[in-house]
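Grab a pencil and work through these short exercises. Each one has a task, followed by a solution in steps.

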Amino acid sequence: MQTQPTFLEMLLPYRGRIIGLLTAIIAGIVFLLWGFGEALLVTLLLTLGVMVGRQFDGKKDLRENLSAFLKWLTTER
């Protein structure tokens, strides 16, 4: 007999989309409340905090993160 998946198990394949959506909603609220410059600063500081946190967790080297980010910034689109 097969059990029914829970609600969270059903959402697990869409984890990235859900995180992206929640991030966009929060960024939109911050932009509306504080304006573009402050929202950009908060976003950059949060990104830096996540990169440093990943280094402490041992998941990725900070230099790899920074070089990948700088490469992304300097790539022509």
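Helices here are DSSP runs of H or I with at least four residues (strands: E, at least two), numbered from the N terminus. Residues are numbered from 1 along each chain as its sequence is written. The model is predicted, so local features need pLDDT of at least 70 and side-chain atom pairs 80 or more, while totals for chains, interfaces and linings use all residues.

**Exercise 1.** Find the element that holds Asp-57, and decide whether Asp-57 is buried or exposed.

*Solution.* Start with the element: Asp-57 sits in helix α3. Next, the cut-offs: buried is under 20% relative accessible area, exposed over 50%, partly exposed in between (1.4 Å probe, protein chains only). Asp-57 has 59% relative accessibility, so it counts as exposed.

**Exercise 2.** Place Tyr-14 and classify its accessibility.

*Solution.* Tyr-14 lies in the loop between α1 (7–11) and α2. Its relative accessibility is 41%, so Tyr-14 is partly exposed.

**Exercise 3.** Check the length of helix α2 (residues 15–34).

*Solution.* The expected span is 1.5 Å times one less than the number of residues. With 20 residues, α2 should span 28 Å, and its end C-alpha atoms are 28 Å apart, so the two agree. Just after α2 comes Gly-35, with a positive phi near 100°.

**Exercise 4.** How far apart are the C-alpha atoms of Asp-57 and Ile-18?

*Solution.* Along the chain, Asp-57 and Ile-18 are 39 residues apart. In space, their C-alpha atoms are separated by 23 Å.

Technical notes: Side-chain values use heavy atoms; hydrogens and water are left out.
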